Amino acid sequence: MSERRFAPTRAGIVNLWDYRDEEFLFVDGWLVLRGPNGSGKTKALEVLFPFLLDGRIEPRRLNPFASEDRTMKSNLLYRGQEVAHSYVWMEFGCGDQYVTIGIGLRAHRHVDRVTRWHFVAEGRVGVDFALLDADDRPLSRRDLIGRLGADAVRDSPEEYRHLVDARLFGLGPARYEQMLDLVLTLRKPQLAKDLNPVELSRTLQRGLRPVDDHLLVEAAASFDDMEAVARTLEGLVAADAATVAFLSVYSTYLRTHARAAADALSTRRTTADDRRAASAAARGGLAEATAAEETATGRLLSIDGEPGRLRAHLDSLKSSAAYRSHEQLADLERHLHDLSAAAERSSGAVRVERAAVARRHDEWERAAVAAREAEAAVQRLAADLLLDAEAAGIPWTGEDARTDGLAARISARVSARRDDVRAVREQAARLLQAERDHVRAAQESTAAAAAAEEAEVAERSAEAAVGEARRQVGADTERWERLHADLLAELDLAHLMPMLRAAVDQAGEAGAQTLKEAYVEAVAPAVTTRRDALATLRSRRSSLRDRRAEVAAERTRIAAEHDDAPPATHTRPSSRDGRAGAPLWRLVRFADAVSDTEAAGIEAALQAAGLLDAWVHPAKSATATALAGGEQDGYLVELPADRRPAGRTLADVLLPEEQDEVTTDRIREVLASIALADSVTPDASASTTIGRSGQYSQDVTLGAYRKAAPEYIGATARAARRAARIAECDRTLSTLDDEIAEVERQRTALEDALSAVDAAGGDLPPVAPIHAALRALDRAAAIFRTRQDAAAAAAHRLDQALAEQAAAGAALRRTTADRSLPADHVDQVSDATARFEKLGVRLDAAGRRPPRRWRPSGRRRAATRRRTIGSPRRRPHSTRRPSGTRRRTRRTKRCAPPSGPRPSRS
C-alpha cells in the first residue's frame, strides 16, 4: 500500500486586494479557478502559490506578469486604507490529520516595508482556531501567538520554510528549494503555448538541479542488471517448464528401464556368482592335483637312479680282483650284506614310487576324462554360441568358431549387433515418446479447446453483464431524474437527460464523459449564473452590512451627542425642575445667515451679561409670581413697545425654536427688547446692548467676553435635528435590515439551489458497475484471446506430434528393415547378444589353452631306459639273471606312460 501524503484541502485570503474573507476548496488536491478577466484568478494564485510555500514577497516571485510597481504593499492597501492587516493560509489534510500554514501581513501607508509573520499550526481555520477577532477584524501578531502559541509562529521566512518542509514534505533544504524553483519555472508565462520539447527540456533543466553522474551510472547498471535478471529469469522459467514437462515423462521411462536393468543385473550377478564359485572350486582342485603331480615327479626323479647305481657298484665289485680274493670274501660278504640291505631299501623306495606312479596314472586318467569333458564343453559352447548367434541375428558359422581371431570376430559382430539394437531402441524410444507426446498434445488440445469454449461463454456472459450494468445504471438515472425533477425544471435542464443517457451508453470508452462530467457541463451555465448572482448578493450583503454598520455607527454617534447647559452661577441657586418655561439658550437659535464667528461673539456677550441662561416664563405674570415667591434666579421679560430699541435687536439674529414651553411671540418680544450693535461704547443709548464681537452693556455695566464657537444657543434645534437624524437612521437601518434580509433570503435560496445542485450531482448513480463489468469483459476477452491462442498452439502441437509420430514410425520401420531386427524382439536380441558375447569369451578362453599330452622328463626316460636295458649288460658277469630283474622290467613297462595326449590342466 502506498504511503499517504498531505494534500491541500482548503485555502483562504483575508482582507487582501479585493478579497474580504474568501475561501477556496480543493477537490482531491486540485483547485480550478474560473472567471472573466479581472475577477482575481491571477491575484489569488499570486498570493497563494508559491508564496505560502516560499514566504518571499518579491514581485517577480509573486506574479510572473507583474511589474516592480505591483508590490505586496499595493495588494494590502488596495482599497486606500491607512493601515491594513491581512492573512493568506492553506490547509493540508492526510486522513483525519490537518495542518494549516499561513502568513500574516501588515502594511502602513507611510511605511514602505511590509511586516510579515508566518505560522504552521495543527488544526483547521474556522474549526480549531480563527484568524478573525470578535469584530471580524484580522488578528494581530500578538493575538495570533496568544491563540496558537509561540512555537507555531515564525518571523523569519527561512525558519518558516524549514518548518513547512519538516511538517509536510520532508525533502530537506536543498530539495525543497529545488521544488520551489521548479514551481516558479513551470509557472513561466505562455509555457504551454507553441510547446517546444527542446525549450521545455531547457526549462526543466533550469528548474531542476542536474542528476549526479554516479547516480546515472548506478541507475543504468541497475537497469542492465534488471534486464539481465529478467532474461535469465525468463530462460530459467522456460527451462524449468521444459524440465518439468520432460521429467514427467522421462522419470517414468527411467523407472521402467531401471527396473528392467536392475532385474537383468540381479539375474546376471546370481549367475556370475554361481559360475565364480564353480570356477574357484575347479581351480582349487586343479592346483591340488598339479602340486601332487609335481611332488610325485620330484620324488620319482630323486630315487629313480639309485638302484642302477647300486647294481653297477655291485657288478664292479663282483668283477674286481678283491672279490676274487679270498681274503676279501668276508668284507665282500659284509659289503654284499650291506648292498642287499641297500637294495631292499631301494626296492622299498621303488615300491613307494611305483605306488606314486600308480596314483599318478589314476590322476592322469582322471585328467584325460576332464580333457574329454572340456572338449565336450567346448563343443557345447560352440553349439550354444551358434544358437545364441542365431537368436541374436548375428551371422555365424562353425568355421567362424576357429580359435584364430575368434575374440576380434566376436567383438566386431557383437558391436555391430549392439549398434543395431541401439539404433532400433532409439527409434522405438522416439516412437514411444512421439506417441506419448501425441497423447499429451491431444489431451492438451482437447483441454485448450474446452477452455476456449468456456472463455467464449464467459466473454458472452461478460458482455451481457455490461449490457445489464448499463441498463441498471440507466434505470438508476431515470429514478434520479424523477427524484430531482423539480431542480431540473428550475434550472431548465431539459437537455441533461440525453447527455446522461449518452454518458451511460459511452461509459468506459476512451475519452467518454462521466455522468458527473456531463452533469457538470449541463448545469455549468445555470450554476455559473447563480454563483455570479450569489457572489453579487454576497458583495451586496457585504456592502449593505457595511452600510448598516456605518448607519448604526452614525446613529450611535448622533445619539451620543448632547448639549450641555451653561455653567450655573451661585447667584441663581433655585431649582428649575418642574418650572414652566425655559432658559433663553434653549428657546432660540441663530439665523442661517449668521456666521460662526458672529454667533460665537453674540453667545459670549449674552453669557457674560448673564442673559444666556436667564429664565423666560410663558407669561409675565409667572415671573411676577416667582419674584414674589422668593425664587433666587434671573428672569427675562419683554419691554413695553415704546421702550424697545429702535435699531437692530437680537430678534434680527436669533429665531425662536419650535417648542411647547414658551410661545414664539413672547420669545420675539424678549429678543426685540435687547439691542444689537456691531460694537458697544459707553455712549450706547439702549439700556441693554449685545455686541457682535462679544461686548455688552447693561445700563451702567459694560464688558466683553470671547469664545471660539457657539456652545449653547440652538441646542433645541440641534436636539430636534438629532432626533430627526436618529429617526432617519432608524428608518435607514430598518430599510437596510429589510434589504439584508431579502439578500439573505435570496442568498439562502441560491445557496440552497447550489447545494441542491451539488447534492444532485452527488446523488448521481455511480457508473462503477459498468466499469467493473467492462473490466470483467476486458479480462474475459483477454482470457478468451489467450485461450484461443493456447488452443491454436495446442492444435499446432498436436499436428506436430502427429507428424512426429508418423515420422518416428516410418524411421522405426526403416531401421528394423535395414537392421533385420523387429522392434518387439529388441530385448530378446539384446539378451542373446549378451549371451553370445559371454559364450564367445568363454570359447576364446578355452581355445587359447591347447591340450597337453603327458610325457616323462628326460631323466625319467633315461632311468627307464637304463632299467629296461641294464640286465643284459650284466649278463657276462653272471650266468643267472637276478630274480628281480624281470619283475623290475615289467614294472617299468607297466609304469610307462600310455600313448595319447596328456590331459590339460584345465
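The legends below describe close-up views of four sites in a predicted model.

**View 1. The cis peptide bond between Phe49 and Pro50.** In this predicted model, the peptide bond that joins Phe49 and Pro50 is cis, with an omega angle of about -10°. Pro50 itself belongs to the loop between α1, which covers residues 41–48, and α2, which covers residues 51–54.

**View 2. Asp28, a non-glycine residue with a positive phi.** The phi angle of Asp28 is near 55°, and this positive value occurs in a residue other than glycine. Asp28 is placed in the loop between strand β2 (19–25) and helix α1. Because its relative accessibility is 73%, Asp28 counts as exposed, the cut-off for that class being over 50%.

**View 3. Ser820, in the loop between α22 and α23.** Ser820 is found in the loop that lies between α22 (768–819) and α23 (826–847). Its phi angle is near 55°, a positive value in a residue that is not glycine. With a relative accessibility of 56%, Ser820 therefore counts as exposed.

**View 4. Thr688 and its contacts in strand β12.** Thr688 is located in strand β12, which is made up of residues 688–691. Its relative accessible area is 17%, so Thr688 is classed as buried, a term that applies under 20%. When neighbours within four places in sequence are left aside, the residues in contact with Thr688 are Leu611, Ile674, Ala675, Ser697 and Gln698.

Technical notes: Residues are numbered from 1 along each chain as its sequence is written. This is a predicted model: local features need pLDDT of at least 70, side-chain atom pairs count only at pLDDT 80 or more; totals for chains, interfaces and linings use all residues. Side-chain values use heavy atoms; hydrogens and water are left out. Helices (H or I, at least four residues) and strands (E, at least two) are DSSP runs, numbered from the N terminus. Buried means under 20% relative accessible area, exposed over 50%, partly exposed in between (1.4 Å probe, protein chains only). Contact means heavy atoms within 4.5 Å.
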